[in-house]
Every structure is written in C-alpha cells, then in structure tokens.
Amino acid sequence: GSWHVAIRKDQLVENEGRSIRIAGHRIAVFLVEGMIYAIEDSCPHAGAALSRGYIENGTVSCPLHYWRFRLSDGAWA
C-alpha cells in the first residue's frame with residue numbers, strides 16, 4: 001500500500017467529522033482527544049455519511065438510523 005496526505009490536523013475540529021475523498025473513496029476523518037481516526041464514510045445500512053454522525057466513547061453513530069461504528073477500525077459496534 002501507499003500513503004496519501006489526507007488533511008492537516010489543524011483543519012480538523014475536535015469531535016467533528018470531516019469527509020474527504022482519496023483515490024475515489026469517501027473517508028470520514030475524526031479528531032477525538034487529540035487522536036486522528038479515519039474510516040469509510042458510508043454506513044453499510046443506508047449509505048449515510050458517517051462523518052455527520054454523533055461521536056461518543058470511541059464510536060460514531062450513523063445520522064440516519066444510529067448504527068454505531070468504532071473509530072479505531074470502522075467495525076460495527
């Protein structure tokens with residue numbers, strides 16, 4: 001694999017998601033407690049942008065139906 005510059009840390013806001021596009025993929029990027037997380041920006045249930053979800057306890061909730069995903073690896077929580 002290769003690395004891509006996605007976004008600068010100073011462009012992120014604590015506890016808010018940002019959606020970016022890298023190599024044709026939508027990625028949700030989060031700054032939480034000084035750590036940066038990046039997961040796919042699409043809920044597998046209905047395709048909603050996870051970057052617009054609610055962040056709590058290391059997870060983000062889908063803004064449509066509230067499915068939760070871990071920020072650390074994008075897995076369903």
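What follows walks through two sheets, their turns, a pocket and a few individual residues in a predicted model.

The N-terminal sheet is a good place to start. Strands E1, E2 and E3 make an open sheet in exactly that order, and the pairing is antiparallel. E1 and E3 sit at the edges with a single partner strand apiece, so one side of each has no neighbour in the sheet. Going from one strand to the next, the twist averages 30 degrees. Strand E1 covers residues 17-22, strand E2 covers 25-32 and strand E3 covers 35-40.

Now for the pairings themselves. E1 and E2 are joined in the antiparallel sense over six bridges, and one pair to look for is Arg21 with its bridge partner Arg26 in E2. Six bridges also tie E2 to E3, again antiparallel. Here Ile27 stands opposite Glu40 in E3, while Val32 has Met35 in E3 as its bridge partner.

Both connections in this sheet are hairpins. Two residues separate E1 from E2 in the hairpin they form, and Ala23 in the turn has a positive phi of about 45 degrees. The E2-E3 hairpin likewise has two residues between its strands, with Glu33 in the turn showing a positive phi of about 50 degrees. Most residues other than glycine have a negative phi. Against that background, Ala23 has a positive value in a residue other than glycine, and Glu33 also has a positive value in a residue other than glycine. As for surroundings, Ala23 lies in the loop between E1 and E2 and, at 63% relative accessibility, counts as exposed. Glu33, placed in the loop between E2 and E3, counts as exposed too, with a relative accessibility of 73%. The cut-off behind both calls is a relative accessible area over 50%.

Just before the turn that holds Ala23 comes a residue with another setting. Ile22 lies in strand E1 and has a relative accessibility of 18%, so it counts as buried, the limit for that label being under 20%. Leaving aside residues up to four places away in sequence, Ile22 touches His4 and Ala6. Val5 can be placed relative to Ile22 as well: the two are 17 residues apart in sequence, and their C-alpha atoms are 8.8 Å apart in space.

Ile22, His4 and Ala6 turn up again in the lining of the largest pocket. That pocket has a volume of about 260 Å³. Besides those three residues, the lining includes Ser2, Trp3 and Ile7, and it further takes in Ile20, Ile27, Val29, Ile36 and Ala38. Strands E1, E2 and E3 each supply at least two residues of this lining. Its chemistry is easy to sum up: nine lining residues are nonpolar, two are polar and none is charged. Ile27 therefore has two roles to keep track of, since this residue lines the pocket and also stands opposite Glu40 in E3, with nonpolar and charged being the classes for Ile and Glu.

Past the first sheet, Ser51 deserves a stop. Ser51 is located in the loop between E3 and E4, yet its relative accessibility is 9%, so this serine counts as buried. Its contacts, not counting residues up to four places away in sequence, are Gly17, Arg18, Ser19, Ala28, Phe30 and Asp41. Among these contacts, Gly17, Arg18 and Ser19 fall within E1, and Ala28 and Phe30 within E2, going by the residue ranges of the strands.

The other sheet lies further along the chain. Three strands form an open sheet in the order E4-E5-E6, paired antiparallel. Its edge strands are E4 (54-56) and E6 (68-70), each of which pairs on one side only. Neighbouring strands here are turned against each other by 25 degrees on average, with direction ignored. E5, made of residues 59-61, is joined to E6 by three bridges, and the two run antiparallel. Within that pairing, Thr59 stands opposite Arg70 in E6.

To recap, the model holds an open antiparallel sheet of E1, E2 and E3 and another open antiparallel sheet of E4, E5 and E6. The buried Ser51 sits in the loop between E3 and E4.

Notes
Residues are numbered from 1 along each chain as its sequence is written. This is a predicted model: local features need pLDDT of at least 70, side-chain atom pairs count only at pLDDT 80 or more; totals for chains, interfaces and linings use all residues. Side-chain values use heavy atoms; hydrogens and water are left out. Two strands pair if DSSP finds at least two bridges between them. Helices (H or I, at least four residues) and strands (E, at least two) are DSSP runs, numbered from the N terminus. Axes are lines fitted to C-alpha atoms, for helices over the stretch in contact, and angles run from 0 to 180 degrees between N-to-C directions. On a 1 Å grid over the protein atoms alone, a cavity is a set of points where a 1.4 Å probe fits but cannot get out, and a pocket is an open set with protein on both sides within 12 Å along at least five of seven lines; lining residues have an atom within 4 Å of a point. Grid points are joined across faces, edges and corners, and a volume is the space filled by probe spheres set on the points. Buried means under 20% relative accessible area, exposed over 50%, partly exposed in between (1.4 Å probe, protein chains only). Contact means heavy atoms within 4.5 Å.
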